[in-house]
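I opened this entry to look up one sheet, the helices against it, and the pockets. My notes follow the model.

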Amino acid sequence: MTNPVSLSKNSASAEGCAPFRISIDGCMETVIGRHGLSEHLLSRYLKRAEPELAKLRDHYKTGRLPLLNIPEETADLDDAHAALARLSEGARLIVFFGTGGSGLGGQTLAQLAGWNIPGGAAPDQRKRPRTRFYDNLDGATLSGALDILDLETTRFVVTSKSGSTTETLAQAIAALSAVKAAGLEARIPELFLGITEEDKPGKSNGLRSLFAAHGIPMLAHHDGIGGRYSCLTNVGLMPAMARGLDAFAVRQGAADVVQKMLDARRPADFAPAVSAAAAVALNKEKGVRLSVIMPYADRLGRLADWYVQLWAESLGKNGQGTCPIAAVGPLDQHSQLQFFMDGPPELWVTVVRVATVGNGPVVDAEMARQAGADYMAGRHVGDIVAAQAAALPEALAQAGRPVRTIDVDRLDERAIGGILMHFMLETILAGRIMGIDPFDQPAVELAKILTRKRLDAGI
Ligand SMILES: O=P(O)(O)OC[C@H]1O[C@H](O)[C@H](O)[C@@H](O)[C@@H]1O
């Protein structure tokens with residue numbers, strides 16, 4: 001653990017778990033008034049978290065929830081490393097196909113290394129094959145990409161737990177066809193890699209059958225950790241490794257949080273339990289219907305998108321749940337903030353802040369004065385962002401909007417691993433407090449069934 005964490009004075013703040021600190025002080029009525037929680041109300045929900053936390057600790061020991069044990073595993077990462085090294089030989093670009101949880105976790109981690117941030121990649125990244133993610137299905141995008149890709153130096157990683165996801169199968173088949181059309185059929189086993197579940201009796205896995213028929217190597221998708229919870233498995237860590245990140249450090253950050261869970265004597269000592277109790281209490285007692293996440297760092301933009309799937313699919317059930325909204329700061333101060341500050345008082349906001357003071361270019365004092373912006377004269381750009389990220393929670397609190405802050409001292413693999421595990425445990429605990437199964441998503445099936453019917457019927 002690289003940084004000590006803030007200890008609570010009361011049950012409203014909990015000790016953080018990794019190199020980050022979490023505070024829900026801005027959710028309390030003493031700070032924001034009537035839309036906030038009283039100590040008494042929060043304690044009621046913390047009490048409800050108690051048996052659920054005990055169950056999680058038990059699941060850790062019995063291995064019933066493999067998500068809790070994955071941070072300690074290493075063999076699967078060695079396999080992933082070896083497969084990636086083989087795949088990368090002669091490669092200039094690695095394309096990742098996979099949607100939902102089979103796409104967002106990898107993107108979140110890759111972005112930590114600057115992926116998808118113009119100019120964001122460190123110089124050593126230029127030695128690696130580039131990475132691209134296609135997680136949405138769009139015929140124009142796909143044919144455009146396949147037309148211009150240099151297929152001899154492009155590699156494809158196709159991820160699907162079920163192996164039956166329409167979007168991913170369509171993309172994989174289109175890529176295989178393009179490679180065949182380019183006369184590269186004999187090289188298919190070295191150009192493609194699959195990540196999918198092992199065969200299970202009575203369950204067909206289309207991707208596995210397709211790839212087996214083409215002799216394509218496959219890594220086993222963990223059969224006990226799926227979709228939005230798979231970011232710490234080879235699903236999320238393969239793209240992380242492709243960007244040169246230390247996957248073991250990501251897991252270490254997650255292990256720090258699990259350790260904290262094992263050490264916690266009561267929910268008030270464990271930040272994910274405190275956050276879950278606050279989230280559910282705000283929803284049930286204070287009319288909160290929207291959950292905004294707003295990181296102040298380009299490198300955490302995809303984290304917000306990953307959180308949206310995690311929160312929406314896990315908790316939007318049986319007429320319950322809060323709708324997640326992804327924002328990024330300071331950009332969305334110029335877009336969504338008006339609504340957050342002055343729309344219906346039905347939201348709570350999580351601001352994720354990274355220590356940025358002293359980062360970035362210095363604003364020339366003379367030019368700042370010419371521009372009538374003396375306040376930024378001689379400041380680093382990171383100082384401006386730090387001031388904005390400090391001011392926003394103050395502004396929200398003054399407007400009576402519940403706000404939680406997450407402060408990351410050093411945004412690295414260990415921190416992101418901890419943050420991912422934090423959010424997953426918070427979501428699981430929130431679901432359990434609400435009496436909701438946080439692991440399924442039955443409502444998404446109907447649209448899939450109707451899609452297939454339409455295709456059968458000629459659309
Ligand atoms: O990994 P796959 O089986 O392809 O699933 C990919 C995604 O598709 C599904 O429709 C679910 O709604 C998501 O929870 C899942 O992450």
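**Sheet**

I looked up the strand order first: five strands make an open sheet, running S1-S10-S9-S7-S8, with mixed pairing. Strand S1 (20–23) and strand S8 (323–326) are at the edges with a single partner strand each, so one side of each has no neighbour in the sheet. Averaged over neighbouring strands, the turn against each other is 15 degrees, direction ignored.

I note the terms here. Helices (H or I, at least four residues) and strands (E, at least two) are DSSP runs, numbered from the N terminus. Two strands count as paired if DSSP finds at least two bridges between them. Axes are lines fitted to C-alpha atoms, for helices over the stretch in contact, and angles run from 0 to 180 degrees between N-to-C directions.

This is a predicted model: local features need pLDDT of at least 70, side-chain atom pairs count only at pLDDT 80 or more, and totals for chains, interfaces and linings use all residues. Residues are numbered from 1 along each chain as its sequence is written, and side-chain values use heavy atoms, with hydrogens and water left out.

**Edge strand and helices**

I checked S1 next. S1 pairs with strand S10 (residues 403–408) in the antiparallel sense, over four bridges. Phe20 has Val408 in S10 as its bridge partner.

Then I looked for helices in contact (heavy atoms within 4.5 Å). Helix H12 (residues 301–315) packs on the sheet and touches strand S7 (290–295) and S8. The direction of H12 makes about 175 degrees with that of S8. Helix H16 (residues 413–434) also packs on the sheet, touching S1, S7 and S10. The angle between the directions of H16 and S10 is about 150 degrees.

**Pockets**

A pocket here is an open set of points on a 1 Å grid over the protein atoms alone, where a 1.4 Å probe fits, with protein on both sides within 12 Å along at least five of seven lines; lining residues have an atom within 4 Å of a point.

The largest pocket has a volume of about 1000 Å³, the space filled by probe spheres set on the points, which are joined across faces, edges and corners. Its lining has 37 residues, with Ser162, Thr165, Gly227, Gln441 and Lys448 nearest the centre. Which helix gives the largest share of this lining? H17 does, with six residues.

The second largest pocket has a volume of about 470 Å³. It is lined by 19 residues; Tyr296, Ala297, Asp298, Thr356 and Asn359 are the closest to its centre. Helix H15 (residues 381–398) gives the most to this lining, three residues.
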